[in-house]
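Subject: Structure handover and notes

Dear colleague,

Please find below the sequence and the structure that I promised to pass on to you. After them I have set out what came up when I went through the model.

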Amino acid sequence: MSKNRDLRRLNRRDFVRVTTVAAGAVASGSLLSACADDSLLVDPEAGVGDVLAKRRAVTRNPLKIPELMQGTDLTVAPAVVDIGGEEMVEAWAYNGQFPGPTFERRRGESVGVEMVNGLQDETIVHWHGMIVDRENDGHPQDVVESGEHYGYNFVVNQRAALNWYHPHPDMLTGEQVNKGLAGAFIIRDDEEDLLGLPSGKYEVPLIIRDATIRRGRMTYRARKSGFFGKTPLVNGTRNPKLDVDPAVYRFRVLNGANARHFNLSLSNGQNFILIGNDGGLLPMRHDLGQILMSPGERIDILVDFRNLQGTSLMLHDLEDGWDLLEFNVNSESNIDYAFPEITTSTITELSEADVVQTRVFSFDGMSKINGRVYGMERIDEYVPKGQTEKWIFTTGGSAPHPVHVHAAPFKVLSRTGGRGEVFPWETGLKDTVLLEDGETVEVLIRFDEFAGLFLLHCHKLEHEDAGMMMNFEVVDPT
Ligand code: C2O
Ligand code: CU
Ligand code: CU
């Protein structure tokens, strides 16, 4: 690392700080002026009738389904993408696609990818949720400059799950993800196959995020308090709709937003059947009317459209009153489906009795963990490989902080303060867990696979970029 680049980095962090203050000053004004071009924004004074009329007036675009990854090159570059109804938008894209192409691998298969940086800025790809060695993890130290390449080679050795990939350069992650750089990574295994879950066209990935599109451009502004876009996009589609059979569907949902939460529900009051999360299938199904997702979290849900022939319903976000995705059920006859018994025999339950060491991580303000801003070359914790530990995440304020750990999943033990409970979608294994103000979340974690340098950070990307991130090193026991 050259002195020069260190200086540039320092300046960049300062720059983020300065622009944050400036942006804050005009925030209220810009919120108002942005309303004009947003068809989804509903006047809070309007009556219910007006609201419905406005919703009906929206032209719905067929939901994009990201293509499968082809070949071995993953090129990162500016691209013009169709966000539905031939609305062309300047974005940054992997292989010209927004969202990026979906990777799909069975457990035991390998991944060989050459990332080619066609941006002006440095970048690196991180495989969120994938348990890979340090060279393949996309650490910010490994960024490559414009025009350079980075080769990835790893074997998938973990449970079936929906993971994802996105850039991870120090201080630039928020901008790069926001401008379009993210894609799904689906892992399959024998255990999942046995369940006979809906597949083919009955299994649909949903990458939900927000965006601000101004003058045909994905527009990003770094604010320490987080990027909040004006319009939701699902799989890069504005105002999406999906025509479905009267059947049971499996949706693989990722909150791919920088900062925004989505509190999902169905407009007909029907429950979701939650069967999985970040770490794959859960020990049992949970029937839930609402599921709250913070940035980086995933859920695996079944939705039963049988007996809804000829009707329309909406996937709603209760946080902001957004219509995310309209389902139109055709009037063919029911496609029968037997719900599986879910038993996750391969979840290795960590036990509190085995805890050797406890570490406390306090998420302070909008840029610090344990009082310190991220230092790319500084290692704050050394964690013995194979040792069961209790990590305690707590916050000194300015939450929400969706806390994310690389290189190993964790089991959420408890949440005290704030919401005071562990929710069904936080059972099983997680790699990202939401910390709200006043909350303390205890997790059990053990790094079994790889020694090396890894990251713990807030997945509100503006907090991450401002420095709410920490290096820890997994060390071989001596
Ligand atoms: Cu999804 Cu370290 O990030
Ligand atoms: Cu990650
Ligand atoms: Cu945070």
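Donors to a metal are counted here as N, O and S atoms within 2.8 Å of it, and since water is not among the atoms, sites may look incomplete. Please also keep in mind throughout that this is a predicted model.

With that in hand, the copper ion (ligand 2) is coordinated by the NE2 atoms of His126 and His404, at 1.9 Å. These two histidines bring together distant parts of the chain, for His126 belongs to strand 6 and His404 to strand 28, and 278 residues separate them. His126 counts as buried because its relative accessibility is 1%, under the 20% cut-off, and His404 is buried on the same grounds, because its relative accessibility is 1%.

The other copper site to look at is that of ligand 3, where the ion is coordinated by His401 through ND1, Cys458 through SG and His463 through ND1, at 2.0 to 2.2 Å. Along the chain these donors follow the spacing H-x56-C-x4-H. Here too distant parts of the chain are linked, with His401 in strand 28 and His463 in helix 5 (residues 461–466), 62 residues apart. His401 has a relative accessible area of 0% and is therefore buried, and His463, at 0% relative accessibility, counts as buried as well.

Turning to the open space in the model, the largest pocket holds about 560 Å³. Its lining is made up of 32 residues, and those that lie nearest the centre are Ile131, Gln158, Thr348, Pro409 and Leu429. At least two lining residues come from each of strand 6 (125–128), strand 8 (161–167), strand 28 (401–405) and strand 29 (410–416). Sorted by class, the lining consists of 13 nonpolar, 10 polar and nine charged residues.

Finally, there is the nonpolar interior. The largest nonpolar core has 38 residues, among which Leu206, Phe251, Leu264, Phe305, Leu315 and Phe327 touch the most other members. Strand 23 (residues 322–329) gives this core its largest share, namely five residues. If you would like to follow one of these residues in the viewer, Phe251 is a suitable choice: apart from its neighbours within four places in sequence, Phe251 is in contact with Val204, Leu206, Leu242, Ile299, Asp300, Ile301, Val303, Phe305 and Phe327.

With best wishes

Terms used. Residues numbered from 1 in each chain as written. Chains lettered and ligands numbered in written order. Predicted model: local features only at pLDDT ≥ 70, side-chain atom pairs only at ≥ 80, totals over all residues. Heavy atoms only, no water. Core = buried A, V, L, I, M, F, W, Y, C linked by side-chain atoms within 4.5 Å. Buried < 20%, exposed > 50% of the residue type's maximum accessible area, 1.4 Å probe, protein only. Helix = DSSP H or I, 4+ residues; strand = E, 2+ residues; numbered from the N terminus. Contact = heavy atoms within 4.5 Å. 1 Å grid on protein atoms, 1.4 Å probe; cavity = no way out; pocket = protein on both sides within 12 Å on 5 of 7 lines; lining within 4 Å. Points joined across faces, edges and corners; volume = space filled by probe spheres on them. Nonpolar A, V, L, I, M, F, W, Y, C, P; charged D, E, K, R; others polar. Donors = N, O, S within 2.8 Å, 3.2 Å for Na, K, Ca; no water.
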